[in-house]
Each structure stands twice: as structure tokens, then as C-alpha cells.
Amino acid sequence: RHQLEVKLQETVAELETILDNSVIGVTYVKKGIFARVNRKLESLLEFNKDELSGLPFSIIYPSYQDYLLMGQQAYPLLEQGKEYDSRHLIRTKSAKMFWARLVGKTVDVSDLDKGSIWMIEDITMQKEAEQHLRLTAAIFDSTADGIFVTNLSNRIQRVNPAFTKITGYTAEEVYGKKTAFLASGRHDKHFYQDMWNSITKTGHW
């Protein structure tokens with residue numbers, strides 16, 4: 001019996017070590033209350049050690065209404081034993097906001113009172129990258145300058161609407177073609193060689 005107790009204690013200690021060294025915030029929520037949180041989540045939410053335990057899960061949302069809305073989306077899935085996976089704005093202790101991915105799952109679908117496990121991951125950089133890509137795409141599509149994108153073999157992969165308007169070539173007509181076919185004949189081969197050397201070295205011309 002003593003050996004089993006020691007083994008159990010060692011197993012619990014190992015699990016706690018894994019949990020506290022996770023790169024993603026993890027929490028055990030029971031009856032809407034933080035029952036257990038790992039160090040990463042405390043760090044993400046700017047709380048001191050053990051400060052979150054016992055506080056309502058709702059405090060990490062911008063408003064209580066946002067928390068209720070999340071619940072309306074999440075709990076029908078949790079009741080079916082399914083995983084809830086979504087993105088939300090999360091509020092830290094100092095009232096700073098950041099975008100996070102929330103993944104939740106019940107401990108025991110037959111007894112929801114046993115609580116649920118939630119993983120919370122900061123995706124602010126991912127969100128900013130997505131926004132930057134949307135902005136870049138909008139500029140690409142709306143600029144009056146003709147733009148084309150090539151691969152390393154100088155084969156056209158994408159063109160914008162202005163390119164089609166200026167050259168008369170549609171995206172389907174030029175896709176995969178070498179850019180040399182666009183040569184106007186007004187410049188010698190050294191001009192194009194210098195142009196591609198510049199693009200290769202600096203990324204632009």
C-alpha cells in the first residue's frame with residue numbers, strides 16, 4: 001500500500017510538472033470557477049501564483065455578456081462530449097486585451113458537474129499576420145499599378161486586376177509562363193538581367 005501511495009504521489013508530481021511547463025495556458029474549471037490553473041495561464045493573464053484559483057471563469061472576458069455568449073456556443077457542444085474550439089478576445093488582470101484560441105472539453109460528459117478542461121493560447125501574432133495579409137491582398141487587388149508575382153523560376157503565379165487591364169492578359173493566360181514573354185523589345189538583355197539581379201538580391205526592383 002505504501003509503495004502504491006508513493007507511486008501515486010510521484011505520478012501526480014510528474015503531471016503537475018508537465019502542466020506547469022506547458023507553453024499553452026491550461027485550466028480546470030468547475031461550476032464556472034477556476035479550480036486549477038497552470039503557470040503559463042497565470043502569466044498570460046498577468047496573475048500571481050494561485051491568484052486565479054477560486055475566481056470566476058467569466059473575469060477573463062471583456063464583459064459578462066461576452067462570457068454568456070461564449071457559454072451559449074460552447075455548452076451545447078460540451079454536453080454532447082464534443083470539443084469547443086474558437087477564438088475570443090481575452091482580458092488580463094490589467095484590462096489589456098489579446099486574441100486567444102480557446103479549446104474546452106468536459107471531464108465527464110455523463111456528469112457535467114465534474115467540470116471541464118480549457119486550453120488558452122495567445123494568437124495575437126497570428127491575428128496580426130492575418131490582418132496584414134488581408135490588407136496586402138486589398139492593396140494588391142485595388143492598386144492602379146500592374147503587379148505580378150513569380151516563383152523562383154520566374155514563372156508567373158499571380159497577377160492583379162490592373163495587370164490584366166494594362167496588358168490585356170488574364171490570370172489564366174499568364175499563369176505558369178516565364179516573365180520573358182512580357183519583354184517589350186525596348187530594352188536589351190542587360191536591362192532585364194539587371195532587373196532580375198535586383199529582384200533576387202533585394203526582393204524588389
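**Exercise 1. Find how β4 and β5 pair, and over how many bridges.**

Solution. Start with the pair itself: β4 and β5 run antiparallel and share seven bridges. Strands here are DSSP runs of E with at least two residues, helices are runs of H or I with at least four, and both are numbered from the N terminus. Two strands count as paired if DSSP finds at least two bridges between them. For one position across this pair, look at L102, which stands opposite I120 in β5.

A word on the model before going on: it is predicted, so local features need pLDDT of at least 70 and side-chain atom pairs count only at pLDDT 80 or more, while totals for chains, interfaces and linings use all residues. Residues are numbered from 1 along each chain as its sequence is written, and side-chain values use heavy atoms, with hydrogens and water left out.

**Exercise 2. Work outward to β3 and describe its pairing with β4.**

Solution. Step one: eight bridges link β3 to β4 (residues 97-106), and the two strands are antiparallel. Step two: pick out facing residues. S86 is opposite L102 in β4, and L89 is opposite W99 in β4. Step three: inspect the turn. The hairpin of β3 and β4 has five residues between the strands, and A95 there takes a positive phi near 75°.

**Exercise 3. Write down the strand order of the sheet, then explain why one side of β2 and of β3 is left without a neighbour.**

Solution. The five strands form an open, antiparallel sheet in the order β2-β1-β5-β4-β3. β2 (33-37) and β3 (84-91) are at the edges with a single partner strand each, so one side of each has no neighbour in the sheet. From one strand to the next, the twist averages 35°. Now add the helix: α3 (residues 64-79) packs on the sheet and touches β3, β4 and β5 (116-122), its direction making about 150° with that of β3. Axes for such angles are lines fitted to C-alpha atoms, for helices over the stretch in contact, and angles run from 0 to 180 degrees between N-to-C directions. Touching, or contact, means heavy atoms within 4.5 Å.

**Exercise 4. Identify which residues have the most contacts inside the largest nonpolar core, and which element gives its largest share.**

Solution. A nonpolar core is a set of buried Ala, Val, Leu, Ile, Met, Phe, Trp, Tyr and Cys residues joined through side-chain atoms within 4.5 Å. The largest one has 22 residues, with F57 and W118 having the most contacts inside it. At least two residues come from each of β2, α2 (39-44), α3, β3, β4 and β5. The largest share, four residues, is from α3. To see F57 in detail, leave out residues up to four places away in sequence: its partners include V29, I33, F34, M70 and W118.

**Exercise 5. Classify S43 and S58 as buried or exposed.**

Solution. Apply the cut-offs: buried is under 20% relative accessible area, exposed is over 50%, and partly exposed is in between (1.4 Å probe, protein chains only). S43 lies in helix α2; with a relative accessible area of 51%, S43 is exposed. S58 sits in the loop between α2 and α3; at 12%, S58 is buried. Beyond four places in sequence, S58 touches Y64 and Y67.
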